[in-house]
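Student: Could you pick a single part of this model and take me through it slowly? I'd like one connected account rather than a list.

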Amino acid sequence: MTVGLETRLREVLGKKTADALADGLGLDTAGDLLGHYPFRYAQRGERTDLASLGIGDDVTVAAQVRAAVKKTFTPRSGKGRGRGGRGDLLEVVVADEPGRSLTLTFFNQGWRAKELVAGRWGLFAGKVAQFRGRLQLNSPQYQLLAEDAADPGSAIEEFAGTLIPVYPATAELPTWNIAKAVHTVLGLVPSPPDPLPASLRERLGLLDYGTALRQIHRPDSHEFLGAAKKRLKWQEALVMQTVLVRRKAESAGEAADPYPEGGAILDAFEARLPFELTAGQRQVGAEIAAELAREHPMHRLLQGDVGSGKTLVALRAMLQVVAHGGQAALLAPTEVLAAQHHRSIAEMLGDLAQGGQLGAPAEATRVELLTGSATAAQRRPVLDAVKTGTAGIVIGTHALLYDGVEFANLGLVVVDEQHRFGVEQRDALRAKAKHTPHTLVMTATPIPRTVAMTVYGDLETSRLTELPAGRSPIATHVVPYGDGRWMQRTWTRVREEVAAGRQAYVVCPRVGGDDQDDPNAGDKRPPLAVTDIIEELRGNQLHGLRLGLLHGRLDADEKDRVMRAYAAGDIDVLVATTVIEVGVNVPNATAMVVLDAERFGISQLHQLRGRVGRGTHPGLCLLVSEAMEGTPSRERLDAVASTTDGFALAELDLEQRREGDVLGAAQSGMKSHVKLLSLLKDVDIIAASRTEAAALIDADPELKREPAFAALVDDLAADRGEFLEKG
C-alpha cells in the first residue's frame, strides 16, 4: 500500500486508532501524524529529574523499577475486594539515575508485580500526586522497554533506538500508542516530495524532508536529531516569512490616495503645541508623513513604550489626511479607551475640533465618537457627519464596522492595540474606503524583535523610546502581602497622595460576585476581587476617601461616568481590574497598588504601571504579592521593580513564557504551523529565513518554480492565517 502525506489515517491505522488520534489530538492524515513531533526524548539511564515534577502535572517519565511491594489496605468504606473488607495494594518504586524516586500505586492489581521487576526500565504516564510527603502516580499507564537493547528480539520496535520519543499525549492515548502509530505510518510513507527549494537546501546543508521526518521521530543519535530539528525549523521559518514578504510585496502594489505633507489644520495644530516634540516623535512623524504622501498604502506598526507619545504622533498623521480632504478613523478595543481617545484628542485640538461651529477656524474639522452603546438618536447626527465628510476624525469601537456607517473619503485607519482585533473587523473597516486606506497600527506593548519579525513581519516598524519632556519617573516596589507593617505603610502612602491633592488606583485580578474562581489556583485562595476589596477599603484602610469602581462588566454608560468622574478629580481612588491597562490618561493619578501582583504577567504589570506618573508629579507603583523570595513569581516582580525599560522587560517576558503564549490564542493558524521554531532561541534562523524569503519572492513572485513550497505558503496564508493580516 502506497501512502502519501494526504492519506487519511483511517485508511492506514484502522478506525479505532484513527478516531482516537482525531478526537484527542486533531490528527486526521498521515502528514498530520508525522507533523506531531515528540516534545522530548527519554533515554535509558538519563537524568529524568523526578524532583522537578509538580503536583497535578500530567507526566510521562522514563525510570527504572527499584522495588515492588505488595500490601493490604482497608478502604474507608470498610468494603473491599479482599477478605475481611481488605484490598490489595501494589507499591512500585521507580527512580532516575541519581536515585530520586517516585512511587507507583496499583489497587487490586497485584499481578503487575510479575512484570514490574527490579531493574526494568519503562515509560510511566499519569497525574502526579503526593501522599505522606512522597510523589506518586496512581494506577499509571506504562510501557516497559527492552531488557537488552542489543537483543533485537526483545526490543519493542517503536522504542528500538537509543533515544525514546515522548509525544504530546492524552489520558486515552499515551505516548507509546502514538509512537506505534508513527512507526506504522513511517514504514508505509515513501520518501515524500521535499517542499524546500533544492538549491537552498544544498547551500545550507539541510537534510532532505524524508530523512528529517524519520530522524525527528526515530533519531539514530543526538547529532541526527539536531540536524532534523534544524531542517524542520528552517521549513517553518521560511514558509512563515515568505507569507509575510509576499503579502508586503502585494500591498506595495495597491493604490491609495496620496496626502501631501503639511496642511492648514496640521500647521495650525503644531503652532499651538506648548512643548517640543521628542527627537523620536519628529523622526517617526517624518516617516509616516512621507508614506502618507505616496500613492501606495502605508502599512506601519508604531511601537511606543508607556507614555512615549504615540497618540500625538497618530493625531498628526490624521490631521495630515484631514488637511487634504480625507477622513481618519481611530479604532479602539474598548468603549472606555475610545471615549478616552475622544476626550484627549478633542482637548488637544481645542477649537480645531469644532468644525462648522460659530467662531471656529476655517481649517477646523469635527471629531466624533461612535460606540455600540450609543442610542439611535445619538448615532444619527454622527452618522450624517461621517457620511458627508464633516467629521474628519471618527473614533470608535467595533461599532464603526456596522452596516450604516458610511465614510465620505476614508484615507487613514489607526488601530490601537492591534492584537485585540480580528482580521474580519479590520477588513470590514478598510472595505468602507474607496481605495485601500493607509494603516497605522499602534501598540503600547513592547514587542521583542523576533516577535515583530514573525507576527508583524509584513509591516514597516517604528519605535518610540524616549519619554516626552515633563513625564515623571515611576518608582516601583514589591510589598509582601503577609507583612502587616508594610501593608499599613502601603495604604498610608495612598492617603498621603490623596491628601496632597492627587489620586490613586487599586488594581485587582478579578471582578468578583458570581464570576468563576481561577481554575488553576489549586489549593491557593481565589484571586482578590474588586467588588470585595472596595468594600474592605471603604470600611477600613481608605475609610473617608472617595472610592470609585471600574470593571468590564459595567455597562458602557457607567464606565464612562466613572472615568469622567475620576478624570475630573471627583474620585480619589479608582478600584479597578485591568480595564485601565491601556490608554487611560489621568495626569493627576500618581499612585497605584496592584494586589495579587504575581497573578499578572510582566508586560501587563508594565502597562498598568504606565497609568501613573503621567503628569508633573512622580509616580509610585506598589506590587503587593504573596510570592516568596527566590521563587520565579517573585523574580518576575523584582524585575519589573528594577527597570522601567519596557523593551528590556518584553525580552524577559518572552524568556519566561511558552511559545504558544507568545503567539497568542488568536493566532492558532500560526501555532498549527510553527511547532519547533522558538522565537527566543532561533533568532538566527528567523532572520536568515527572512532574507531567503525576500530573495525567493523577488526572483519568483508567484513561486511558480517551487509548487510544493508554494502549497505550504498558501496553506499557512489560508489556514486561519489571519494573524498575518496586520495591514
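**A close look at H15 and its surroundings**

Tutor: Let's start with a cysteine: Cys 621 has 1% relative accessibility, so it counts as buried (buried is under 20% relative accessible area, exposed is over 50%, partly exposed lies in between, with a 1.4 Å probe and protein chains only). Cys 508 goes the same way, since 0% relative accessibility makes it buried. The disulfide count is zero, where a disulfide means a pair of cysteine sulfur atoms within 2.5 Å.

A word on what you're looking at: this is a predicted model, where local features need pLDDT of at least 70 and side-chain atom pairs count only at pLDDT 80 or more, while totals for chains, interfaces and linings use all residues. Residues are numbered from 1 along each chain as its sequence is written, and side-chain values use heavy atoms, leaving out hydrogens and water.

For the wider setting, the chain has 24 helices and 21 strands; these are DSSP runs numbered from the N terminus, H or I of at least four residues for helices and E of at least two for strands. Of its 727 residues, 52% are buried. Among contacts (heavy atoms within 4.5 Å) between residues at least 6 apart in sequence, 73% join residues at least 24 apart.

Now the helix itself. H15 runs over residues 484-499, and its 16 residues should span 22 Å at 1.5 Å a residue, which agrees with the 22 Å between its end C-alpha atoms; the expected span is 1.5 Å times one less than the number of residues. Its buried residues are Met 487, Thr 490, Trp 491, Val 494, Glu 497 and Val 498. They cover an arc of only 115° around the axis, so they sit on the same side of H15; the arc is taken from the directions from the helix axis to the C-beta atoms. Turn to the other side of H15 and you find Arg 485, Gln 488 and Ala 499 exposed.

What does that buried set pack against? The partners are one helix, H16 (530-539), and the strands S16 (474-480), S17 (503-507), S19 (573-576), S20 (589-594) and S21 (619-625).

Have a look at both ends, too. At the N-terminal end, Asp 483 caps H15, with a side-chain oxygen 3.0 Å from the backbone nitrogen of Arg 485; polar contacts here are N or O pairs within 3.5 Å, where within protein one atom must be able to donate a hydrogen and the other to accept it, and residues adjacent in sequence count only if both atoms are side-chain atoms. Just after H15, Gly 501 has a positive phi of about 95°.

One of those packing partners, S20, leads on to another backbone detail. Asp 596 is in the loop between S20 and helix H18 (602-609). Most residues other than glycine have a negative phi, yet Asp 596 has a positive one of about 55° without being a glycine. Asp 596 is also buried, because its relative accessibility is 2%.
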